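Colleague: Please take a close look at the ligand site. I am new to this one.

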Amino acid sequence: MKVAVVGTGYVGLVVGACFAETGSEVTCVDVDAGKIERLTRNVIPIFEPGLAEVVERNQREGRLAFTTDLAEAVTDAAAIFIAVGTPPDEDGSADLTHVLAVASGIGAHLAADAVVVTKSTVPVGTAERVRAAVASRSTVPFHVCSNPEFLKEGAAVEDSMRPDRVVVGADSQRTRDVMTELYAPFVRTGKPILFMDIPSAELTKYAANAMLATRITFMNEIANLCEKVGASVDAVRSGVGSDARIGPSFLFPGPGYGGSCFPKDVQALDRLADEVGSPMRVVSAVHAANEFQKTRLFTLTEAALGGSTTGRRIAVWGLAFKPQTDDMRESPALVLIEMLRAAGAHVVAHDPAAMTEARRRLGDAIEFADTAYAALAGADALVIVTDWNEYRHPNLDRMRTALRTPIVIDGRNLYDPARMARLGFTYRSIGRRSA
Ligand code: NAD
């Protein structure tokens, strides 16, 4: 099947490459000419495990192509995926400018009976706006479809190849047939393709992300409470997560969620609910609680340093919003660094994958260290923001020796408080007693 994917970012590139991997002929389109030129040479713009191999193989075998020419990609495609960004606008609603611009561009070049699929995360009602935008330029009959994406950055290829489920909002048999054929190779182990009406599919994506964000935030607040009442969040988490109705995943407390999805999707759902007069008070509270949680590492650092970070040298391990990605959108590290700098601290940071992105965002506002240990040299404290594997089992003696004062603020609860105390560290983590 011929497929076009418009928008070659974290979602579009992965989804396009994975469709090609199962035999579809895929053309990926982007307005970023530099990105497209690099992709034709197999230079991958993002850090995503396993992606380079899939792109390289499928491009070599002629199933995957990259272009800036929308017409070239769309003209004979049976399915056209819109996978461009939907960033928050000033009030937190999803900005549909890119989605609707692409839709009207598609309309001018569409083949009869093509299915225009919205892959981007968009509010309920967007498919109808896409339909109108396509129709404004189209002279042939076509179909619209909502097919939200659930991949996780850092495991995107694996998630795309083996999804838990595929959600498809469709209102025609042609759409159901095309989507069934396209996704059949991905659900061979019996995972479902869930066909539903279009508004339900659009809402499913926001409901899933808001529920995950709520779980994280709930545990963050339980962790904060643990610190006040002398409980340990590790014990509470295993006690709670052993309940089959609750389950163990997504219960680890931390410095607040970030990334390109949870923050914006929680806000967009909140706005949508307000607009239709069905306010979601839980979702509003999740957003506010997460904003607070993102300030906690700074507060803990300040307290551990006797009330002020002014003039201090602070090492930061981890800049990406989570491990296995270079994505720093809404990363808690950005809030921490901003607060440290505003307080007059000097920041020296390390991240295994996100340093290029951090340099682009922060320039020379902070110092970058080539290795995790180099960041510690002469620092007054270390703050751990991202739980990269290489930070999980470091040489603690070497850490203590490198730091000017052995203070560790651990936003990911990577180490045992009793051991850290024995080794002479002042150690603070989230929701756990200091030994
Ligand atoms: P991204 O910013 O990484 O990529 C978007 C791409 O679209 C960019 O390369 C940009 O140049 C391109 N683009 C913008 N306007 C264009 C146009 N008119 N024509 C062609 N290309 C255009 O975004 P992303 O992270 O891939 O997210 C895309 C969508 O998928 C968003 O709605 C997001 O919410 C959703 N989503 C993202 C994830 C994730 O983990 N990143 C997961 C699920 C869903």
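Modeller: The shell around the ligand divides into 9 nonpolar, 9 polar and 7 charged residues. In this split, Ala, Val, Leu, Ile, Met, Phe, Trp, Tyr, Cys and Pro are nonpolar, Asp, Glu, Lys and Arg are charged, and the others, Gly among them, are polar. Keep in mind that this is a predicted model, where local features need pLDDT of at least 70, side-chain atom pairs need pLDDT 80 or more, and totals for chains, interfaces and linings use all residues. Numbering runs from 1 along each chain as its sequence is written, and side-chain values use heavy atoms, with hydrogens and water left out.

Which residues come nearest? Of the 25 residues around the ligand, they are D30, K35, T86, E153 and K264. Being near takes a heavy atom within 4 Å of the molecule.

Next, the polar contacts (pairs of N or O atoms within 3.5 Å; within protein, one must be able to donate a hydrogen and the other to accept it, and residues adjacent in sequence count only if both atoms are side-chain atoms). K264 puts a polar side-chain atom 2.5 Å from an oxygen atom of the ligand. R329 has a side-chain N or O atom 3.0 Å from a ligand oxygen atom. S260 reaches a nitrogen atom of the ligand instead, with a polar side-chain atom at 3.3 Å.

How much of the ligand is covered? On its own, the ligand has 840 Å² of accessible area, and the protein covers 86% of that. Such areas come from the Shrake-Rupley method with a 1.4 Å probe; for residues, only the protein chains shown count as cover.

Two elements give two or more residues to the shell: helix 1 (10-21) and helix 5 (97-107). Helices here are DSSP runs of H or I with at least four residues, while strands are E runs of at least two, numbered from the N terminus.

The shell also draws on domains, with at least three residues from each of domain 1 (2-196) and domain 2 (205-292). Those bounds come from an automatic or database domain assignment.
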